[in-house]
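Reader: Please choose one part of this structure and look at it closely with me. I am in my first year, so I would like each step spelled out, and I would like to know how that part fits in with the rest of the chain.

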Amino acid sequence: AVQRANAANLHAQLRARREAQAPAREARKARIAEVGAFIKLRRIALRMSQHDVAMLVGYPSRAQIGAFELGREALPAKRVASMAAALQCEPERLRVPPLSEYLEAME
């Protein structure tokens, strides 16, 4: 019974933390979508295919570029510089801060 109560208490704490972090998570998701849309528009403006961008950035196929463009995934920090070079833009335009930065901003 004590273990069950402790588990319930832990689950309640985790749920409360998730709920408190929800606005930060949504803000980060919005930034991921914004960066993805920018990648797509910039790629099209440069008349490049997803495959072209993938090769320049170092991905084996266009699938990863598609995931970024659709906002399914954030561009990893280690790929920002190469993506910025491929798209001929400022790296800061492609940066998606970690969740911790959004949480700090909301405090």
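Author: Let us begin with a single residue, Arg43, in this predicted model. When its neighbours within four places in sequence are left aside, Arg43 is in contact with Met48, Ser49, Gln50, Val53, Glu69 and Leu87. One of these partners, Leu87, is 44 residues away from Arg43 along the chain, and yet the C-alpha atoms of the two are separated by 6.4 Å. The relative accessible area of Arg43 is 10%, so this residue is buried, the cut-off for that word being under 20%.

Arg43 lies in helix α1, and this helix is the part that we shall follow. Helix α1 covers residues 2-45, which makes 44 residues, and at 1.5 Å a residue they should span 64 Å; the C-alpha atoms at its ends are 62 Å apart, which agrees with that expectation. The agreement does not rule out a bend, however, since α1 turns by about 45 degrees at Ala22, where a proline, Pro23, follows within four residues.

The next step is to ask which residues of α1 are turned away from the surface. The buried residues of the helix are Gln21, Ala24, Arg31, Ile32, Val35, Gly36, Phe38, Ile39 and Arg43. As for what covers them, the buried residues of α1 pack against α2 (50-57), α3 (63-69), α4 (80-87) and α5 (99-105).

Two names in that list of buried residues deserve a slower look, and Arg31 is one of them. Arg31, like Arg43, has its place in helix α1, and its relative accessibility is 16%, so Arg31 too counts as buried. Beyond its neighbours within four places in sequence, Arg31 is in contact with Glu92, Arg93, Leu94, Arg95, Val96, Pro97 and Tyr102. Glu92, which is among these partners, belongs to the loop between α4 and α5, and because its relative accessibility is 52%, Glu92 counts as exposed. Glu92 also lies 12 residues along the chain from Val80, and the C-alpha atoms of these two are separated by 8.2 Å.

Arg93, another partner of Arg31, leads to the second name, Phe38, which is one of the buried residues of α1. The charged end of Arg93 sits over the ring of Phe38, at 4.1 Å from the centre of that ring.

What comes after the helix? Helix α1 is followed by Arg47, whose phi is positive. The value is near 55 degrees, and Arg47 is a residue other than glycine. This is worth a remark because most residues other than glycine have a negative phi. Arg47 lies in the loop between α1 and α2, and its relative accessibility of 79% means that it counts as exposed. A comparable case is Gln88, which has a positive phi of about 55 degrees although it is not a glycine. Gln88 is placed in the loop between α4 and α5, and with a relative accessible area of 56% it is exposed.

Among the elements that α1 packs against is α3 (63-69), and that stretch of the chain brings us to the one aromatic pair that the structure holds. The pair is made by Tyr59 and Phe68, whose ring centres are 5.7 Å apart and whose planes stand at 65 degrees, so the pair is edge-to-face. Tyr59 has a relative accessibility of 11% and therefore counts as buried, and Phe68, at 1%, counts as buried as well. Tyr59 has a further neighbour at its ring, for Arg79 lies over its face at 4.1 Å from the ring centre.

We can now step back to see the setting of α1. The protein has five helices and zero strands, and from the N terminus on its elements run α-α-α-α-α. Its radius of gyration is 18 Å, well over the 13 Å that the globule rule gives for 107 residues, so the protein is more spread out than a compact globule. Along its principal axes the C-alpha trace spans about 65 × 30 × 20 Å. Of the 107 residues, 30% are buried. Among contacts with a separation of 6 or more, 60% join residues 24 or more positions apart, and the pair with which we began, Arg43 and Leu87, is in contact across 44 residues of chain.

Note on methods:
Residues numbered from 1 in each chain as written. Predicted model: local features only at pLDDT ≥ 70, side-chain atom pairs only at ≥ 80, totals over all residues. Heavy atoms only, no water. Expected span 1.5 Å × (residues − 1). Bend = angle between axes of the 7 residues up to and from the residue. Buried < 20%, exposed > 50% of the residue type's maximum accessible area, 1.4 Å probe, protein only. Contact = heavy atoms within 4.5 Å. Phe/Tyr/Trp six-rings, centres within 6.5 Å; stacked < 30°, edge-to-face > 60°. Lys NZ or Arg CZ within 6 Å of the ring centre and 35° of its normal. Rg over C-alpha atoms; globule rule 2.2 N^0.38 Å.
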